[in-house]
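User: I would like a close look at one part of this model. Start from a single residue and work outward.

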Amino acid sequence: MATQNFKITAFSTALFSTWIFVEELGLLFDAGDGLSAGLMQKARKVKQVFLTHPDRDHLAGLLQFCQLNNRANLPHFYYPKDCKSFEYMQAFMARFDKHTAVSPWTGIEDGQAIRVKPNTTVQAIRNEHIPVPLGVHKSLSYLVQQHKRKLKPAFQSLNGQEIAGLAKEKGQDFISEQHSEKLIGISGDCPVRQFEHWDNTKLLIHEATFLEEQPGLNNKQNKHSTLTDVLQMASEINIEALLLKHFSSRYSAAQIKTAIRKQCRALKLEIPVYAILPGEIKRDACNSEPIN
Ligand SMILES: [Zn+2]
């Protein structure tokens with residue numbers, strides 16, 4: 001699946017709201033304020049919702065979204081398993097809008113992979129936004145992967161008949177192996193620390209709250225990324241495209257675009273870099289003009 005095939009509708013501005021919808025996979029990541037008004041009827045296509053962490057800018061759209069869309073076993077909600085906020089929300093909504101209680105909620109942890117389509121999984125990756133001991137899961141990033149069986153290299157010169165014969169005689173595992181492709185990586189709110197998780201991902205959607213490190217800017221307990229760190233990582237790993245989200249509204253669109261262009265030039269980063277700019281709903285994010 002090529003990057004430009006992902007139809008992504010999203011809003012993401014630090015402090016206010018983040019939600020990202022990947023249409024062909026029926027996946028919604030986070031559920032900030034304005035989600036239902038932004039997606040309208042498209043919200044009906046959401047099959048699974050993956051919540052990254054319980055900050056209010058990532059969950060405040062749940063009430064209306066659930067009221068309009070929850071129905072027998074749909075959508076399925078996943079959240080970091082030690083976040084009580086999501087359990088309180090679910091319990092409140094089950095009383096406030098009783099019909100919403102038909103949708104399942106599942107707490108998940110680092111490494112857990114949820115099958116969302118026969119060949120596609122979403123894997124939870126623990127991140128370091130919220131300082132909690134190892135083994136406690138309050139903030140997650142996610143990795144969407146597609147799994148296929150691939151012919152082992154040793155058999156690639158055989159014709160169809162020979163392959164079928166061998167498969168029949170020795171079994172599928174003898175001639176082919178499982179191959180996983182990383183389609184989309186989505187960081188939660190977090191500092192840049194996870195190069196290895198995102199390497200060889202087609203599309204990385206990463207937060208970039210601040211344009212560059214400045215003394216005092218990122219010294220809150222809950223850590224964020226800088227554009228500088230994200231672009232540096234993107235230049236050191238193999239990805240096909242980068243979609244930046246969660247910019248601080250202290251920056252204008254022009255400041256963000258200028259910073260992206262300048263830093264991409266300095267790093268000689270040539271993959272397309274897209275951005276969800278503050279205050280704007282971005283439609284078909286990966287089919288727009290790259291910023292760089
Ligand atoms: Zn946030």
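Where in the structure is Y78 placed? And what surrounds that spot?

Analyst: A word on the source first: this is a predicted model.

Y78 sits in strand β5. The residue is buried, because its relative accessible area is 7%, below the 20% cut-off for that class. Discounting residues up to four places away in sequence, Y78 touches Q48, V49, F50 and L51. Its contacts also include T106, I108, I114 and Y142. One spacing gives a sense of scale: the C-alpha atoms of Y78 and E128 are 19 Å apart, with their positions 50 residues apart in sequence.

Now look along the strand. β5 covers residues 76-80 and contains F77. F77 pairs its ring with that of W105, which lies in strand β6, residues 105-108. T106 and I108, two of the contacts of Y78, fall within the residue range given for β6. The F77–W105 pair therefore joins distant parts of the chain, 28 residues apart. Both F77 and W105 are buried.

The geometry of the pair comes next. In general, two aromatic rings are described by the distance of their centres and the angle of their planes. A search of the whole structure returns 10 aromatic pairs. In the pair formed by F77 and W105, the centres are 4.4 Å apart and the planes differ by 10°, and the pair is stacked. A wider group takes in these two rings: F65, F77, Y79, F86 and W105 make up one aromatic cluster.

F65 leads on to helix α1. S36 lies in this helix, residues 35-39. Setting aside neighbours within four places in sequence, S36 is in contact with Q64, F65 and L68. S36 counts as buried because its relative accessibility is 12%.

The stretch before β5 has a feature of its own. L74 and P75 are joined by a cis peptide bond, with omega at about -25°. P75 belongs to the loop between α2 (62-69) and β5.

Next, the zinc ion. Its protein donors are D57 (OD), H58 (NE2), D189 (OD) and H246 (NE2), at 2.2 to 2.3 Å. Along the chain these donors follow the spacing D-H-x130-D-x56-H. The 4 donor atoms subtend angles of 86 to 167° around the zinc ion, so the arrangement is irregular. D57 is buried because its relative accessibility is 9%. H58 is buried too, because its value is 0%.

T18 connects with three of these donor residues. T18 lies in strand β2, residues 17-22. Beyond neighbours within four places, its contacts include D57, H58 and H246. The others are F11, S12, T13, D30, A31 and G32. T18 counts as buried because its relative accessible area is 0%. From T18 to G38, 20 residues apart along the chain, the C-alpha separation is 11 Å.

Then the nonpolar packing. In soluble globular proteins, nonpolar side chains tend to be buried together. Here the largest nonpolar core has 30 residues, and L227, L242, L244, F247 and I260 touch the most other members. Four elements each supply at least two of its residues: α7 (227-236), β12 (239-245), α8 (253-267) and β13 (273-275). Of these, α7 gives the most, with 5 residues. Another core, of 29 residues, lies apart; its members include A10, L183, I184 and I186.

Take L244 as a sample member of the largest core. With neighbours within four places left out, L244 is in contact with H206, A208, L227 and V230. Its contacts also take in I260, V273, Y274, A275 and I276.

A few local details finish the tour. The loop between α8 and β13 holds K268. K268 is not a glycine, yet its phi is positive, about 55°. K268 is exposed because its relative accessibility is 68%. D284 likewise has a positive phi without being a glycine, near 50°. D284 is placed in the segment after β13. D284 counts as partly exposed because its relative accessibility is 23%. Elsewhere, K170 places its charged end over the ring of F174, 4.9 Å from the ring centre.

Back to the starting point: Y78 is a buried residue of strand β5, and β5 also carries F77 of the stacked pair with W105.

Definitions and conventions:
Residues numbered from 1 in each chain as written. Predicted model: local features only at pLDDT ≥ 70, side-chain atom pairs only at ≥ 80, totals over all residues. Heavy atoms only, no water. Donors = N, O, S within 2.8 Å, 3.2 Å for Na, K, Ca; no water. Tetrahedral: all angles 85-135°; square planar, octahedral: opposite > 155°, others 65-115°. Buried < 20%, exposed > 50% of the residue type's maximum accessible area, 1.4 Å probe, protein only. Core = buried A, V, L, I, M, F, W, Y, C linked by side-chain atoms within 4.5 Å. Contact = heavy atoms within 4.5 Å. Phe/Tyr/Trp six-rings, centres within 6.5 Å; stacked < 30°, edge-to-face > 60°. Lys NZ or Arg CZ within 6 Å of the ring centre and 35° of its normal.
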